[in-house]
Amino acid sequence: MNKPLYFGPVAQPLFGMLHRPRGASRQTGVLLCNSWGTEYLRTYRGLRELAQSLSASGFPVLRFDYGGTGDSGGDGRSSCLSGWIDELGIAAQALRAETGCSELCLLGLRFGALLAQEAVATGIIDAQAVALWDSPPSGEVFVANLQQMDDALNHKRSSERRVRSQLVPPARDELLGHEWPDGLAADIARLPGLRKHLPGRVIFVSRDRIPPDSVESIRLPDAGHWSDVERIHSPWLPSASFRIVTERLADGLK
Amino acid sequence: MNERAISFGESGALFGIIGSPEVPDPLRPAVLIPNTGVIHRVGPSRMHVELARALASAGLVSLRLDNAGLGDSETVPGRSDADSAPDLCAAMDALDARNISTGTIIIGSHSGAHDAHEAARVDPRLIGAVFLDGYVHSTPRAWLNRTMARLTERSRHLPPVPLGISLTPKSGNALHDVLPSEIHYYDPPSDERMAADLVEFMRRQLALLYVYTGDVEHDYSYAAQLIDAFPLLRGYRHLSIRQIPEADHHFLRRATREALIDMLVDWVLAVAAKRQATV
């Protein structure tokens, strides 16, 4: 059973989708933390499928759009990293209030993994577990990857178009077609690398990005192809990975 | 401005967001915005959200929806992904039930342009339709332009013409990562069917806006190509055609996106004003 939610600041509410289990609910609620920009768009349906899978296993699940993105209020030009991290705390409160879950697991995909670990490390969220799915090794690497993709996409589009119909140049504060306000890149680049030790369990989820000395991990059969410019608008729907992640979390969480 | 989520259609399987001014005028038309490709209702670069909010600021209601199988809408078993008209008719039913608008204008981009055309064929509640990088029908002059471009710009290869995308791989129904090679493109209607559809649109006095970006310039190479392909459109006073060569079909650059949104809002307001004047 899915329920759309508006929560958080009245002036600029956050939009989320709550997935309630049909039968008995587990004690652990799962907060899905999505990625940014083109990755957010191409993973939207996939994260819905994952949420459906998790809720079918008894987890109440909330996924939501960060302020200034997706269906949430606000303009992307005023987005800031600290605001997004705070919003994870607001979303966690909404999940607890809506479902009564007593424990929390943050499942962050890509940029969302960096945000999730930061929210837990700074004490904004008290979570029993954090699952980091294809997390970039650091904020700096994530930003560099986005900029490489932007360069590649611009080059591709330029080579495909006639001389007289070249795209207008991008503004300094946009990247891959999304708002990229001044200061955001620097803030993201300052995010620390993967934290192997946080309050609660840390679970690395990936096909090929699991740190060798990680305590807990879920090895996936599917690659994300996050740096492939040809797939920048292709849907991400790794159903075998969804099944494995659901089974492992269902085995390990209340 | 208000935004609220709604479920509609059979068993509430479809999902969308209604955007409206604080006090909607029930005598003005609403604007329907279907998906662009497989991107959910927010649109590429969040364009559908920005458009809906600009429409609300101009006093107009909109519904951004997810077609079946996309975004937060359920999949309808056994139905072709190209057959989105039932979803759009259900969206118009949902708007009608709320008594916040009279008549509907649809704005479809990319595969959404195909959806807009299909909806316009079957539902007379539509009073206007916008097709962003929609169907392209060739003409001798377009063929000549294309050939000349090949000769003079030989380093540049021709991009595919994207018209529609399905999440369902051709090989089966199982969900998995969709590879670019597996994406299914809709076929445009034949010249004969397109002409027949246009005759019907004109009979209903449907306001039509065709917008072509630089992404299709290899195929849609001059402003009057649509009229040359379908001379029956010559003199049709509810037809507008715009070319935006500096834009791509996703309107990735903010400058082109904002200019497009301004143009669309102005066009919708003009259609609404004409409609109200004639009622």
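This is a short dialogue on reading strands, helices and buried residues in a predicted model.

Q: Let's start with chain A. How many strands does the open sheet have, and in what order?

A: First the general idea: strands of a sheet pair through backbone hydrogen bonds, either parallel or antiparallel. In chain A, the open sheet has 8 strands, and reading across you get β1-β2-β4-β3-β5-β6-β9-β10, with mixed pairing. β1 (2-7) and β10 (216-219) of chain A are the edge strands, each pairing on one side only. From one strand to the next, the twist averages 20 degrees.

Q: Which strand does β5 of chain A join in parallel, through 5 bridges?

A: That's β6 of chain A: the 5 bridges link residues 103-109 of β5 with residues 129-133 of β6. To find your place there, look for L109(A), which stands opposite W133(A) of β6(A).

Q: And what does helix α1 of chain A touch on the sheet?

A: Helix α1 (residues 37-56) packs on the sheet of chain A, touching β1, β2 (14-19), β3 (28-33), β4 (61-64), β5 and β6, and its direction makes about 165 degrees with that of β4(A). Helix α6 (residues 239-252) of chain A packs on the sheet too, with β5, β6, β9 (201-206) and β10 as its contacts; here the angle is about 150 degrees, taken with the direction of β10(A).

Q: Over to chain B. Which residues of β3 are buried on one side and which on the other?

A: The rule of thumb is that in a regular strand the side chains alternate between the two faces of the sheet. Strand β3 (residues 30-33) of chain B has A30(B) and L32(B) on one side, V31(B) and I33(B) on the other, and all are buried, so both faces are covered.

Q: Which residues are the bridge partners of β3(B) in β5(B) and β4(B)?

A: L32(B) has I106(B) of β5(B) as its bridge partner, and V31(B) stands opposite S62(B) in β4(B). The chain gets from β3(B) to β4(B) by way of helix α1 (residues 47-57) of chain B, a right-handed β-α-β crossover.

Q: Back to chain A: why is helix α3 said to be largely enclosed?

A: Count the buried residues: 10 of the 11 in α3 (residues 111-121) of chain A are buried, so the rest of the structure largely encloses this helix. Among them are F111(A), L114(A), L115(A), Q117(A) and E118(A). The buried residues of α3(A) pack against β3, α2 (81-99), β5, β6, α4 (139-160) and α5 (184-189) of chain A. Just after the helix comes G123(A), with a positive phi near 80 degrees.

Q: At what angle do the axes of α2(A) and α3(A) cross?

A: Two packed helices are described by the angle between their axes and the distance between the axes. For α2(A) and α3(A), the axes cross at roughly 70 degrees and come within 9 Å. The two helices are therefore roughly perpendicular to each other. On the α2(A) side, L81(A), W84(A), I85(A) and L88(A) make the contact; α3(A) contributes F111(A), L115(A), A116(A), E118(A) and A119(A). Those contact residues divide into 8 nonpolar, no polar and 1 charged.

Q: One last residue: is H238(B) buried or exposed?

A: H238(B) is buried, with a relative accessible area of 14%; the cut-off for buried is under 20%. H238(B) sits in the loop between α6 (225-229) and β8 (239-244) of chain B. Leaving out residues up to four places away in sequence, H238(B) touches Q205(B), L206(B), A207(B) and L208(B).

Note on methods:
Residues numbered from 1 in each chain as written. Chains lettered and ligands numbered in written order. Heavy atoms only, no water. Pairing = 2+ DSSP bridges. Helix = DSSP H or I, 4+ residues; strand = E, 2+ residues; numbered from the N terminus. Axes fitted to C-alpha atoms, helices over the stretch in contact; angles between N-to-C directions. Contact = heavy atoms within 4.5 Å. Buried < 20%, exposed > 50% of the residue type's maximum accessible area, 1.4 Å probe, protein only. Right-handed = clockwise from strand over helix to strand, strands pointing away. Parallel < 35°, antiparallel > 145°, perpendicular 65-115°, else oblique. Nonpolar A, V, L, I, M, F, W, Y, C, P; charged D, E, K, R; others polar.
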